[in-house]
Amino acid sequence: MKQNDLLNKWLDHSISEEEMEELKQTEDFPGLARIADHARQFRAPAFDQEAQFKAVKDRIHQLSDQKSATPVLSLYTIWRVAAVVVIALIAYYAFFQQHNTVITTDLAEQTTVFLPDGSEVVLNAASTLSYDADGWESDRSLELNGEAYFKVEKGSTFTVQTKHGDVTVLGTQFDVNARSDLFSVHCFEGLVAVATKEQSLQLAAGNGYNDVLTDNQPGLLTSLTQEQPSWMTDYSSFANLPFSMVIEEFERQYKVEVETINVDLDTLFSGSFPHNNLSLALKALSLPLNLQYTIVEDKITLSGE
């Protein structure tokens, strides 16, 4: 029997002992076992969102009732004020650019960064991290676009700012993924506070928060089964994410272009793929959805029936 058929039967829990032994003899079995294990873990029941969400801080909005009269200014005065503002903005921009440290990873690349206080940051592929190294003692904050894993040294509050929300911690280990249509935070040690425009919540070790921004649904809490993000061990893992996001991550990790034909990109996908075995990775993506694939140089086509 073909390897693909055996794998499908294994995932469907319909494989016999003899067929399982046959599958174990294949060269790709260690990788297939890991993929199957990830898929089983991610199919666990979801948390009860209402019961689990706990706000850890309320945003404080202070509105000023003070009103001041606006003086009538001459055209000359307005031009002078405008000139001062423009010069100040240019000076601020130049200062910001000069003093900020910016680290960017390419496709299919990871890198480790050590912050001034000794905290460690591992950047996933196609991600950018920026922070003020000179002002770190007074402002332990940084900006992230993409995905990174943080091991924060004990000390004052540490804040990760993203376009989707902020993550505030005190000596902990966590993963933040802030892509265009996804915001997720996974806490592996300690406690983190997550603040978005809609809500604030707290995550203890072993818990995660996933928000797919395109589905107009509130974010969900998840339970973690790993001690660190799977991508740090050369695997990308997904729990009920649109297949389009899975393909985007596949393109980042393999530096390829993926075209789809007759594939529902909104289908929710749970599973994982390795970063160092293209053939096995394509099986991990195609088999659960009964897709076919072809490879022509750096372009891969996934097609459905």
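This briefing walks through some strands, a helix and a handful of loop residues.

The model is predicted, so local features need pLDDT of at least 70 and side-chain atom pairs count only at pLDDT 80 or more, while totals for chains, interfaces and linings use all residues. Residues are numbered from 1 along each chain as its sequence is written, and side-chain values use heavy atoms, with hydrogens and water left out. Helices (H or I, at least four residues) and strands (E, at least two) are DSSP runs, numbered from the N terminus. Buried here means under 20% relative accessible area, exposed means over 50%, and partly exposed is in between (1.4 Å probe, protein chains only).

**Helix H7**

- Helix H7 covers residues 278-286, and seven of its nine residues are buried, so the rest of the structure largely encloses it.
- The buried ones are Leu280, Ala281, Leu282, Lys283, Ala284, Leu285 and Ser286; yes, a lysine is on that list.

**Strands S2, S3 and S5**

- Let's start with S2 (residues 111-114) and S3 (residues 120-123), which pair in the antiparallel sense over four bridges; strands pair if DSSP finds at least two bridges between them.
- If you want a landmark for that pairing, look for Val113 standing opposite Val121 in S3.
- Five residues sit between the strands in this hairpin, and Gly118 takes a positive phi near 95°.
- S3 also pairs with S5 (residues 141-151), again in the antiparallel sense and over four bridges.
- The landmark here is Leu123, which stands opposite Ala148 in S5.

**Just after S3: Asn124**

- Asn124 is in the loop between S3 and strand S4 (128-132).
- Loop or not, Asn124 is buried, at 0% relative accessibility.
- Leaving aside neighbours within four places in sequence, Asn124 is in contact (heavy atoms within 4.5 Å) with Thr105, Glu109, Gln110, Glu147, Arg179, Trp231, Glu249 and Gln253.

**Two positive phi values outside glycine**

- As background, most residues other than glycine have a negative phi.
- Lys255 goes the other way, with a positive phi near 55°.
- You'll find Lys255 in the loop between helix H6 (243-254) and strand S15 (257-261), where Lys255 is partly exposed at a relative accessible area of 47%.
- Asn262 has a positive phi near 55° as well.
- Asn262 belongs to the loop between S15 and strand S16 (268-274), and counts as exposed at 59% relative accessibility.

**Leu265, in the S15-S16 loop**

- Leu265 is another resident of the loop between S15 and S16, and is partly exposed at 31% relative accessibility.
- Leu265 and Phe243 are 22 residues apart in sequence, yet 5.0 Å apart in space, C-alpha to C-alpha.
- Not counting residues up to four places away in sequence, Leu265 touches Pro242, Phe243, Ser244, Ile247 and Thr260.

**Asn210 in strand S12**

- Asn210 sits in strand S12 (residues 207-212) and is buried, at 16% relative accessibility.
- The Asn210 side chain makes a polar contact with the side chain of His186, at 3.2 Å.
- A polar contact is a pair of N or O atoms within 3.5 Å; within protein, one must be able to donate a hydrogen and the other to accept it, and residues adjacent in sequence count only if both atoms are side-chain atoms.
- Setting aside residues up to four places away in sequence, Asn210 touches Phe183, Ser184, His186, Gly219, Leu220 and Thr222.
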